[in-house]
Amino acid sequence: MEMTDMNKKLSVTLSGVTLQNPVVPASGCFGFGYGMAEYYDIDILGSISFKGTTRDARFGNPLPRVAECPAGMINSVGLQNPGIDAVIAEELPRMREVFHQPIIANISGFSIDEYVECCEKIDKEGQVAIIELNVSCPNVHGGGMSFGTCPGSIEEVVKEVKKVITKPLYVKLTPNVTNIVEMGQAAVNAGADGLCLINTLLGMRIDVKTRRPVIANRMGGFSGPAVFPVAVRMVNQVAHSCGVPVIGCGGVTTATDVIEMMMAGATAVEVGAANLVNPYACKEIIEALPSEMDRLGIDALSDIVGIV
């Protein structure tokens, strides 16, 4: 098959941004990409959502902050990152050396002013094609998920950010709410160009021998294959209710998962925890997609978005 045919078979478009395939490493699970470039040519990826970035550098939460559990993992990293200025000055140039596809910039914050400042700065970076507004991190106090669980707060932060950016804005939603559609509609009403969901569920495990939580922060974000059915359900609800493109994520580990998530309504699919278990996860998914499409009688991935 010629490359042009393969591109047509796998490519998708998000708010005018064309990706060569829908597979995107999720924020926090792939760093800034260049570390993973030691394992394989990451230019095969559709995009990369880089590590969640705040205004100031953050060390993150106390250790231990990652623990495995059946069918998933609990993490409470707490948005460890070098801060927006260092990301622009140091991380993005290193990223550009090994990755030449469109970049998704994941931005988080503890105040509306912080979100606005960070988004305005990252909007000026040429390779950044989409800004992913993280209002859904469960592992920081006073920021992240505290914005994403209130429709009014979502509307306020989206409206202010949209005033200072030119790139498409996708809002990453938390599943830790009663009505996910209400949160998605709040973001869209305020001007969001698309939505990304789900972020991690809030979970907890206890070491029965030590009689203490397995992570220092007691609770953390639960991710992995166990959350996939929840993610598919929420993506389907939002995709059919909110009228904007959706990036689906949550427990995706195989090419079949990608196809299922797209049938539910996702135009692109982020792969998170699977990268931490297997650094080749995204590569293997991309390589398996054409044969899985042939098996299922799918001519182009764009044909199946939201068919269920």
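In this predicted model, the contact between helices α6 and α7 brings I180, V181, G184, Q185 and V188 of α6 against M234, Q237, V238, S241 and C242 of α7. Sorted by class, this contact holds six nonpolar and four polar residues, with no charged residue taking part. Two packed helices are described by the angle between their axes and the distance between the axes. Here, α6 spans residues 180-189 and α7 spans residues 228-242; their axes lie 9 Å apart and make an angle of about 45°. The two helices, α6 and α7, are therefore oblique to each other, and their crossing is right-handed.

Turning to the pockets, the largest one has a volume of about 660 Å³. Its lining comprises 36 residues, and those closest to the pocket centre are S27, G28, C29, N75 and T200. Two elements, β6 (72-75) and β14 (220-223), each contribute two or more residues to this lining. By class, the lining of the largest pocket consists of 16 nonpolar, 17 polar and three charged residues.

The second largest pocket encloses about 250 Å³ of space. Among its 18 lining residues, M73, A273, A274, L276 and V277 lie nearest the centre. Strands β5 (66-69) and β6, together with helix α9 (274-277), are the elements that give two or more residues to this lining. The class division for the second largest pocket is 11 nonpolar, six polar and one charged. Strand β6 thus appears in both descriptions, giving two or more residues to the lining of the largest pocket and two or more to that of the second largest.

Note on methods:
Residues are numbered from 1 along each chain as its sequence is written. This is a predicted model: local features need pLDDT of at least 70, side-chain atom pairs count only at pLDDT 80 or more; totals for chains, interfaces and linings use all residues. Side-chain values use heavy atoms; hydrogens and water are left out. On a 1 Å grid over the protein atoms alone, a cavity is a set of points where a 1.4 Å probe fits but cannot get out, and a pocket is an open set with protein on both sides within 12 Å along at least five of seven lines; lining residues have an atom within 4 Å of a point. Grid points are joined across faces, edges and corners, and a volume is the space filled by probe spheres set on the points. Helices (H or I, at least four residues) and strands (E, at least two) are DSSP runs, numbered from the N terminus. Ala, Val, Leu, Ile, Met, Phe, Trp, Tyr, Cys and Pro count as nonpolar, Asp, Glu, Lys and Arg as charged, and the others, Gly among them, as polar. Axes are lines fitted to C-alpha atoms, for helices over the stretch in contact, and angles run from 0 to 180 degrees between N-to-C directions. Angles under 35 degrees count as roughly parallel, over 145 as roughly antiparallel, 65 to 115 as roughly perpendicular and the rest as oblique. A crossing is left-handed if the near helix is turned anticlockwise from the far one by less than a right angle, and right-handed if clockwise. Contact means heavy atoms within 4.5 Å.
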